[in-house]
Amino acid sequence: MDPSGVFSVSYRQDRKLVRTKWQALFLLGFMALLYLAPFYASPRIVAIGNIMLISAVVAVGLQICTGYAGQINLGQAAFMGVGAYTAGLLAQKYQMSFLLTIPLSGLSAAAFGFLFGLTAARIKGFYLALTTIAAQFIFHFAVLNLPSSWMGGSNGVTVPAATLFGLKISSTNGLFYLNLVFATIMIAGAFGIVRSRFGRAFVAVRDDDVAAGIMGINVARTKATAFLIGAFYAGVGGALWAYMIRFVGVDQFTLFNSIFFIAMIIVGGMGSITGALIGVFIIRMIQEVIATVGPNIAEAVPFLGGDIVFASMNMFLGGVIAMFMILEPRGLMHRWNIIKSSYRIWPFPY
Amino acid sequence: MLELNNVEATYSDVILALKGVSITVEQGQCVALLGANGAGKSTTLKSISGTIHSEDGAVTGGSVTLDGQPITNMETSEVVRCGLIHVMEGRRVLRHMTVEQNLVVGGHMVRNGNEMQKRLEHVYSLMPRLKDLSERTAGFLSGGEQQLLLIGRAVMAAPKLIIIDEPSLGLAPLMIKDVFDVLQRLKDEGTTFLLVEQNSAAAFGIADYAYVMENGRIVLDGPADKMAQNEDVKEFYLGITSEGDRKSYRDVKHYRRRKRWLG
């Protein structure tokens with residue numbers, strides 16, 4: 001952020017992602033901390049980091065589709081599932097390298113997502129939400145009802161470990177680096193997309209699709225592209241998930257998961273890649289705290305019974321999301337932007 | 001340059017809004033389209049730009065051509081690619097974007113950064129006020145500033161023809177003057193306009209030719225200076241009687257209604 005009184009004086013300057021030395025230093029420091037995490041953090045923290053990185057890839061894709069382009073998508077977990085199954089099947093049946101299976105998983109999910117993007121050209125809002133829920137059901141129906149020799153049916157698919165130059169990437173730390181490298185590429189790509197003419201077209205379509213049309217933006221194609229990109233991200237996330245869990249089952253990609261991804265971008269702030277990352281961090285942290293505290297409570301208060309404690313924990317998570325919607329409906333990034341603006345015009349109040 | 005030949009337009013397949021409209025706009029001209037509310041002016045513009053499809057409408061008869069190329073019922077984005085930009089009424093700025101981002105989206109078809117910068121500078125030279133507001137969120141601009149932004153956004157596409165709907169709607173007189181000054185400068189640069197306007201005095205100040213619409217039809221047309229002297233136009237659209245008095249709106253309205261019924 002530039003200090004008060006300093007403005008961009010050219011289009012190129014305005015497009016810059018990192019504007020000040022401090023921003024560059026902070027980014028470098030943050031990346032160094034992330035890449036060195038396995039050296040100073042406990043295996044449990046690294047394992048949580050793995051889940052966060054994969055969720056970040058999926059949530060960033062959803063942010064592009066829903067937060068930037070305004071296309072409601074309640075099928076992100078299904079798109080992730082398509083990617084996970086693609087990676088699992090290609091690795092298991094054809095022994096393909098993860099360097100091939102991960103992009104191919106993204107492409108197969110993108111193709112599936114594109115079909116729903118085509119419907120978005122004609123419908124919007126509530127109707128589109130219902131259509132994307134159909135993605136969940138089509139995915140579940142296909143996996144469970146097609147011959148089990150194709151996708152494993154209810155038994156799922158066992159995924160071999162990713163290997164690079166003959167080395168297996170199966171340890172928590174190894175997977176962390178695999179996830180981190182892909183997450184870095186995908187998130188950097190997302191920043192590039194939203195700053196490009198495609199990103200601006202997404203926002204224009206979200207804000208006013210008729211006005212976008214009269215500026216030369218092909219609205220139908222833009223909506224379909226948003227779905228395609230969002231699903232590509234979900235597919236890559238799904239493939240990373242498959243290599244981490246080493247097993248793909250249909251119940252890992254439910255409507256409930258899709259709603260959690262929506263919650264992540266709402267908590268972080270719609271229309272911001274950084275917001276999506278913050279949302280992932282907060283929701284996953286709460287989930288992990290609940291998973292850690294829940295058994296302790298169940299043990300300490302045995303008369304309550306485990307079921308009641310775990311149900312209460314999920315209610316607590318729902319309550320936290322509801323509180324965010326009430327108190328900070330535009331997400332944490334909106335609050336951060338207000339803080340930045342206040343700093344920029346300080347000492348004046350407005 | 002732009003030719004509408006006997007155009008008919010319907011909404012929802014049943015409401016006939018245009019009943020054989022024929023309009024010609026020559027290169028470099030500013031053509032005004034006048035008429036009362038509901039006459040079909042905005043529908044004419046939407047039929048040209050293709051935005052009529054977003055309201056469940058379509059051109060069901062006649063033809064629209066731009067530089068000889070048929071654009072009847074073409075997708076809006078394709079019409080823009082042909083060099084025609086529609087500035088819609090209702091100040092449809094992209095509310096969450098800054099002024100500069102709005103302008104950059106206006107130049108969506110420009111892929112070269114240098115060309116984008118050149119066009120931005122051109123817009124800022126035409127409307128220095130936008131330069132001062134470049135980092136302001138568009139949704140927080142005043143009505144007049146939003147109207148200027150919409151014109152700037154249209155200019156970013158470097159169109160051959162701008163069709164503009166009610167640019168003075170809801171603006172203070174001084175702001176109307178600013179908006180029409182910008183349109184005049186653009187006209188002097190050679191931009192062609194089709195202008196829909198209720199403020200007939202302002203429209204005649206810039207237009208070369210004018211059409212008058214009623215009930216989905218063109219009822220009168222001619223060079224703007226002659227039209228401004230036409231007794232009916234003076235009475236109905238400028239509110240001036242043959243004696244030179246200003247008539248009250250109530251009288252004009254009553255007389256028009258009677259004349260329409262008798263006609």
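# A tour of chains A and B

Begin by selecting chain A, which has 16 helices and four strands. Its radius of gyration is 21 Å, close to the 20 Å that the globule rule gives for 350 residues, so chain A is as compact as a globular protein of that length. Keep in mind throughout that this is a predicted model.

Turn chain A about. Along its principal axes, the C-alpha trace spans about 60 × 50 × 45 Å. Of its 350 residues, 42% count as buried. Now consider the contacts in chain A with a separation of 6 or more: residues 24 or more positions apart account for 77% of them.

## Stop 1: helix 4 of chain A

Select residues 43-68 of chain A, which form helix 4. A:Pro43 is found in this helix. Is A:Pro43 buried or exposed? A:Pro43 counts as exposed, because it has 12 C-beta neighbours inside 10 Å. To get a sense of distance, also select A:Ala129: the two residues are 86 apart in sequence, and their C-alpha atoms are 39 Å apart in space.

## Stop 2: helix 4 against helix 14

Two packed helices are described by the angle between their axes and the distance between the axes. Keep helix 4 of chain A selected and add residues 273-300 of chain A, which are helix 14. The two helices pack at an angle of about 135°, and their axes are 8 Å apart. That angle makes helix 4 of chain A oblique to helix 14 of chain A. The crossing of helix 4 of chain A past helix 14 of chain A is right-handed.

Which residues make the contact? Show the side chains of these two groups:

- from helix 4 of chain A: A:Ile48, A:Ile51, A:Met52, A:Ser55, A:Ala56, A:Ala59, A:Val60, A:Gln63 and A:Gly67;
- from helix 14 of chain A: A:Ile273, A:Ala276, A:Leu277, A:Gly279, A:Val280, A:Phe281, A:Arg284 and A:Glu288.

Coloured by class, the residues of this contact divide into 11 nonpolar, four polar and two charged.

## Stop 3: helix 4 against helix 13

Now swap helix 14 for helix 13 of chain A, residues 255-268. The axes of helix 4 of chain A and helix 13 of chain A come within 9 Å and cross at roughly 75°. That makes helix 4 of chain A roughly perpendicular to helix 13 of chain A.

On the helix 4 side, select A:Val58, A:Ala59, A:Leu62, A:Gln63, A:Thr66 and A:Gly67; in helix 13 of chain A they meet A:Phe261, A:Met264 and A:Ile265. The residues of this contact divide into six nonpolar, three polar and no charged.

## Stop 4: a loop and a late helix in chain A

Go to A:Phe165, in the loop between strand 2 (162-164) and strand 3 (167-169) of chain A. Most residues other than glycine have a negative phi. The phi of A:Phe165 is near 50°, a positive value. A:Phe165 is exposed, because it has 4 other C-beta atoms within 10 Å.

Next select A:Lys340, which is in helix 16 (residues 331-345) of chain A. With 10 other C-beta atoms within 10 Å, A:Lys340 is exposed. A:Lys340 and A:Val289 are 51 residues apart in sequence, and 30 Å lie between their C-alpha atoms.

## Stop 5: where the chains touch

Show both chains. How many residues of chain A are in contact with chain B? There are 20, and they are in contact with 29 residues of chain B. The elements giving two or more residues to the chain A side are helix 1 (11-15), helix 10 (197-207) and helix 11 (209-213) of chain A. Helix 10 of chain A has the largest share of that side, six residues. By class, the side of chain A that touches chain B has 10 nonpolar, four polar and six charged residues.

## Stop 6: chain B

Hide chain A. Chain B has 11 helices and 10 strands. Of the 263 residues of chain B, 44% count as buried. Among its contacts between residues at least 6 apart in sequence, 66% join residues at least 24 apart.

Select residues 41-49 of chain B, helix 1. Nine of the nine residues of this helix are buried, so helix 1 of chain B is largely enclosed by the rest of the structure. Among them are B:Lys41, B:Thr44, B:Leu45 and B:Ile48. Just after the helix, B:Gly50 takes a positive phi of about 90°.

Finish at B:Asn73, in the loop between strand 5 (69-70) and helix 2 (76-81) of chain B. B:Asn73 is not a glycine, yet it has a positive phi of about 55°. B:Asn73 counts as partly exposed, with 16 C-beta neighbours inside 10 Å.

Notes: Residues numbered from 1 in each chain as written. Chains lettered and ligands numbered in written order. Predicted model: local features only at pLDDT ≥ 70, side-chain atom pairs only at ≥ 80, totals over all residues. Axes fitted to C-alpha atoms, helices over the stretch in contact; angles between N-to-C directions. Parallel < 35°, antiparallel > 145°, perpendicular 65-115°, else oblique. Left-handed = near helix turned anticlockwise from the far one by under 90°. Contact = placed C-beta atoms within 7 Å. Nonpolar A, V, L, I, M, F, W, Y, C, P; charged D, E, K, R; others polar. Rg over C-alpha atoms; globule rule 2.2 N^0.38 Å. Buried ≥ 20, exposed ≤ 12 C-beta atoms within 10 Å, placed from the backbone.
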